[in-house]
Amino acid sequence: MRSSQELKLKGIPVSPGIVIAPVKIFKRKRAQVKERILKPTEIEDEVSKFTKGTEKLISVLNELKMETKEENLARLLDVEISILNDTEMQNDVILLIRNKRRNAESAISSVFNNRKESLLKHESSYMRERANELERLGMDLIAMINDDYSREDFGFDGIIATESLSIEQALRIVRSNAKGVVTEVGGRTEHSALILRNFEVPTVFGIEKITKLVEDGDTMILDGGKGVVIINPMDSTLNRYFFIKSGYERYESGLASERDLPAITVDGKEIGLYANIDIPEEADRLLDLGKYGIGLFRTEMVFNEYSSDEEKQYQIYYDIAKKVYPNSVTIRSFDVGGDKFYSDYTEENPFLGLRGIRVLLEEQEVFERQIRAVIRANVHSNIRFMIPMVSNYEEVLEAKKIFLRNKKLLEKQQNNVNQPRFGVMIEVPSAVFILEHIAELVDFVSIGTNDLTQYTLAVNRKSLRVSKLFNHLHPAVLKLIQITTDICREKNIVVASCGEMASDPYGVVLLVGFGIDEISCPSSRILEVKSLIRRINLSDAEQIAAEAVKKSNHRAVKDLVGEYLKSVMPELLEFYE
Ligand code: PEP
Ligand code: MG
């Protein structure tokens, strides 16, 4: 399997930065789960083995929590602790031991696997990524009951290669000397990814079989911005990367020097710059970066844990709004649907089924609970509320009515109710064509280019088989954006953009050219998007955007914008995909 030849592999870019260093493999021993039918006399011993192991693992996690200085990261461990404390989980395991006479390790494995399988069926990548975390926790618990639990010593001054990373391992890595991390599985929104990003440890996830492709001591180049690793690089590659690395370091310090400057074009148009967040903890990084607001808070994780808990939601929304004040936070209502949260309900084509606003109008109690929590949390008047996936006028009208009705009800119960600004996402082509009517109902819109591309091009955004056809630079997508920005300008409402296009340099030039007011992108891209905006001439961008919509295909658009990018910020093309 292993070769000493140079091998370049592509994974998921998790945390930017270039590292050239020896690699070390960390493999957590996979607990061997042997299924055994217990003798009646063994049953209670096995139950106590399980409960004691659970207690021990909880205390290990609690200890680590105490050692972790950063409160927000320490809180991530609470998720794992609460899974272990969950009485339903514990009862399921104990029932298998007592009723089916299964030994503890196979009972744990079966309960955690069932939960993992149901998470894997979720359409949202966020939920699927939780499945990896759950599996690791189950394995740790099995190791613990078998007295086989050990903590790796990450005291290694190089790149760590591992199958996957738990929150606990990530927390220990950021306190070690490790220079970079590469894993076989994992996704961008995993908590371990968040931790490594927060601590700026260059990281690439999702390089299949990496722990088999390398040996301890092999030289590796890891480019966290591009999601690339190169094993056993040739001298010429090494030299090229030493050069790129020093260029990158200069580039980064250049970006940092603009940290407190506004995102303003050369000819003076200021663009509001905001961050997208998927989990509340991500808001903390914004404070390190400088003061930014949040242009898209995806609340699917909140739905998963607290859809029936108004108080908990209120606390989450209130905390975030307070953190980013005086900037604003745009809270997007739950964008759930398809087969995601109705376990007894599946449909053949979930992306065209019950999703986003369609679910919210069917599940009005859930919707109203969130609306109330959002309105109550708007103490500092810096919250905007946004509805996903709208495709017709009546649903926006209905959602607005529900929103206003709840505001009125709250006014009867408390003083000082501040109505959040109300907006919709533009991500279905039909909404673009009736936007002049929708505009009468909203204070702002935000273009979700991920779904707008999916629904315009009839390309499932998650399908690898058609991923080559998914491109937000397709002239048809650009025309829809142009219509949207034109109508917003005419109707005098704020128009933002929050999909992937807003962090793609080519996309940013075009969005600015179409007249976008605000851009919201992952926090890791904020500084370079700002730096690019500060090099763009609005009049040039307008001209390029006007020409781009006349092109026949995305390649022609890319060439057109690429020429301009090369002239204003060539470094950007060098360091990112
Ligand atoms: C989008 O569709 O572009 C968007 C920002 O929403 P999401 O990616 O959460 O569907
Ligand atoms: Mg969307």
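How far is an oxygen atom of ligand 1 from an N or O atom in the side chain of aspartate 451? The two atoms are 3.0 Å apart. Taken alone, ligand 1 exposes 290 Å², and the protein buries 96% of that (Shrake-Rupley areas, 1.4 Å probe). Before going on, keep in mind that this is a predicted model, where local features need pLDDT of at least 70, side-chain atom pairs count only at pLDDT 80 or more, and totals for chains, interfaces and linings use all residues. Residues are numbered from 1 along each chain as its sequence is written, chains are lettered from A and ligands numbered from 1 in the order in which they are written, and side-chain values use heavy atoms, with hydrogens and water left out.

Glutamate 427 also puts a polar side-chain atom 3.0 Å from a ligand 1 oxygen, and arginine 332 does so at 3.0 Å too. The shell around ligand 1 gets three residues from helix 18, the most any element gives (helices are DSSP H or I runs of at least four residues, strands E runs of at least two, numbered from the N terminus).

Now for the metal. Glu427 (OE) and Asp451 (OD) coordinate the magnesium ion, ligand 2, at 2.0 to 2.2 Å (donors are N, O and S atoms within 2.8 Å, or 3.2 Å for Na, K and Ca; water is not among the atoms, so sites may look incomplete). Glutamate 427 sits in the loop between strand 13 (421-426) and helix 16 (429-433), and aspartate 451 in helix 18 (residues 449-457), so the pair ties together parts 24 residues apart in sequence. Both residues are buried (under 20% relative accessible area, with exposed over 50% and partly exposed in between; 1.4 Å probe, protein chains only).

Note on methods: A polar contact is a pair of N or O atoms within 3.5 Å; within protein, one must be able to donate a hydrogen and the other to accept it, and residues adjacent in sequence count only if both atoms are side-chain atoms.
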